[in-house]
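Reader: I'd like to learn how to read a structure like this one, feature by feature. Could we go through it together?

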Amino acid sequence: MNRSQPLVLGIESSCDETGVGIVRGTDLLTNTVSSSMDEHVRFGGVIPEIASRAHLDAFVPTLQAALAEADVTLDDIDAIAVTSGPGLAGALMVGVCAAKALAVATGKPLYAINHLVAHVGVGLLDARAENLLPENLGALLVSGGHTEILRIRRITDDVEMLGSTIDDAAGEAYDKVARILGLGYPGGPAIDRLAREGNAKAIRFPRGLTQPKYMGTAEEPGPHRYDWSFSGLKTAVARCVEQFEAQGEAVPVADIAAAFQEAVVDVITSKAVLACREQGITNVLLGGGVAANSRLRQLTEQRCSAAGITLHVPPLGLCTDNGAMVAALGAQLVMAGIEPSGISFAPDSSMPVTTVSAPAPEPVRTAARA
Amino acid sequence: MLILAIDTSAVASAALVSDDALEGVVGSFSTEDTRSHAEVLAPGIEKLLAESDVTGADIDAIVVGVGPGPFTGLRSGIATARTLAFAWGKPLHGLMSLDAVALEVAESTEAPREFLVATDARRKEVYWARYTLQEGQLPKLVDGPHVGFAADLPDLPAYGAGAGLYADVLRADPDFSAEQPDALYLGQFALVRLAGGGELLDSTPLYLRESDAQVPGPRKRAL
Ligand SMILES: [Zn+2]
């Protein structure tokens, strides 16, 4: 196998995007994605069973398109990587079964990798960056499925979760609030657009988990110092709308959108920057679909630069869920000489970030029989 | 003709069948458990190929059970079969999974002329289909597949694990009361049908149930 510039095929199916990406080392050859987002619109959120059905039908066509675009064959590939978790169990299963079948058919090694760490790995494909994985690296991941701050000591095997949402993901909160405000799905772009016309200071919504009992101090951190919670915020928005309606007043939708967005973005960035300062993180990579949000990018940039932290934002097509990030992390694992995961691992919908790739199986031993 | 057959509509199973082999069987495996398909299927197929000394190039076609069956498990087999067929460049066919049990019934000595096959559909329901038999022919599907309550099925002898589960309301055959669709019989079914110039299905899953998603109603207004 080519270990210096391995050709790696990555497969992603943890939520509603079926992605196949192919990289050679840190060069991106293709990032082919098929999304079932349109099928979820009428439900106002991702329906796991619909996403799983769509993955099954999209996988082979997506694979075919990716191979064509990269102009490589399955024979050329050095290794296969697949998202093994975290994510929707039924959706993960489709990508994992397909990846295992590819491994059986081609005899190529298979890596079962962590989706969150792959979001960081995608930074390696950014041709604009000079130093692809700088020292003291952190990652802020914000999407419909996750809200996390990670510390990356070594991307192939030393990643730590510093904080995460304890209930809804930020993107999920956007979807739920968009529904309350009658703005449709996905909520992020709709709220971001409307918020520009509103006054974010007109209403003040709560910032979850910011009370002293949760925060503690730097020396004696509370139980949720770097964690987020968005379910209370969603409830507060619903109450606020109800109040206007009960009083027979027009609901100031733009102001509510702006104030909601400000609450989300404020608490995400303030806690992320706090974690970075206290943990000695000087470089932060922003990932996940909510990285497209204009206010989040603006405030993150502002607060990072005020704290002397360098912010990296990959191109948006690489921030949302995709196969290229899986391939990019897979290539790092190959280059680091990490053993492949084999084909008997189970997908893990709550795979921890401490597991960057599922470990190679134990050598088969003949069981002693009595 | 060498066929790799796969079914994950209930348990996970795979088989290599060939009209050249003794009794048509080159090799096969099946699990007992119905919830670990993603772990066991690929290693099972790899081992089956290795033990039978068969490579992808030797295979003429892939046949997959398209259900009905619990969704996630069913998709494991179809995703596997579709990907293998693509990677090896081989034709892919589908077969209704209950046909596997029907063929097994047909090959047993006391097969009745008309019968039901039922498997567990969970949520207190069964997947079922009605078959008739004629000497020397494959069982003929005359009704189904359907999903429903066992008590609502026609009054006929019933075979398969779904019948065994509801033996109180079905005329379950005790010898078949734990029988699950198996790729081995599916493969043999396919061999016979293809040899006779018959058609198989494509690999579209037979879910029989909607995705359960509810379109949210309008938000209640506070008045
Ligand atoms: Zn993601």
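Author: Gladly! Let's begin with cavities: on a 1 Å grid over the protein atoms alone, a cavity is a set of points where a 1.4 Å probe fits but cannot get out, and lining residues have an atom within 4 Å of a point. Grid points are joined across faces, edges and corners, and a volume is the space filled by probe spheres set on the points. Before the case itself, please note that this is a predicted model, in which local features need pLDDT of at least 70 and side-chain atom pairs count only at pLDDT 80 or more, while totals for chains, interfaces and linings use all residues. Residues are numbered from 1 along each chain as its sequence is written, chains are lettered from A and ligands numbered from 1 in the order in which they are written, and side-chain values use heavy atoms, with hydrogens and water left out.

Reader: How many cavities of 30 Å³ or more does the rule give? And which residues line the second largest cavity?

Author: The count is three cavities of 30 Å³ or more. The second largest holds about 40 Å³ of space, and its lining consists of Leu140(A), Ile149(A), Ala272(A), Val273(A), Cys276(A), Val284(A), Thr300(A) and Cys304(A).

Reader: Which helix supplies the largest share of that lining, and how do its residues divide into nonpolar, polar and charged?

Author: Helices (H or I, at least four residues) and strands (E, at least two) are DSSP runs, numbered from the N terminus. Here H9(A) gives the largest share, three residues; helix H9 (253–279) and helix H10 (294–306) of chain A each supply at least two. For the classes, Ala, Val, Leu, Ile, Met, Phe, Trp, Tyr, Cys and Pro count as nonpolar, Asp, Glu, Lys and Arg as charged, and the others, Gly among them, as polar. That makes seven nonpolar, one polar and no charged in this lining.

Reader: Now strands, please. How do E6(A) and E7(A) run?

Author: In general, strands of a sheet pair through backbone hydrogen bonds, either parallel or antiparallel. The cut-off for pairing is at least two bridges found by DSSP between two strands. Strand E6 (residues 137–142) of chain A and E7(A) run antiparallel, joined by six bridges, and Val142(A) has Thr147(A) as its bridge partner. Four residues form the hairpin between E6(A) and E7(A).

Reader: What joins E7(A) to E8(A)?

Author: A hairpin of three residues does. E7(A) and strand E8 (residues 158–164) of chain A are also antiparallel, with six bridges, and Arg151(A) is opposite Glu160(A).

Reader: Is Phe345(A) buried or exposed?

Author: Buried means under 20% relative accessible area, exposed over 50%, and partly exposed in between (1.4 Å probe, protein chains only). Phe345(A) has a relative accessible area of 9%, so it is buried. This residue sits in the segment after helix H12 (323–335) of chain A. Contact means heavy atoms within 4.5 Å, and among the residues that Phe345(A) touches are Lys100(A), Ala38(B) and Glu39(B). The C-alpha atoms of Phe345(A) and Lys100(A) are 9.6 Å apart, although 245 residues separate them along the chain.

Reader: And where is Ser52(A) found?

Author: Ser52(A) belongs to helix H2 (residues 48–70) of chain A. With a relative accessible area of 2%, Ser52(A) is buried, and it touches Gly90(A), Ala91(A), Val94(A) and Arg75(B), leaving aside residues up to four places away in sequence.

Terms used. 1 Å grid on protein atoms, 1.4 Å probe; cavity = no way out; pocket = protein on both sides within 12 Å on 5 of 7 lines; lining within 4 Å.
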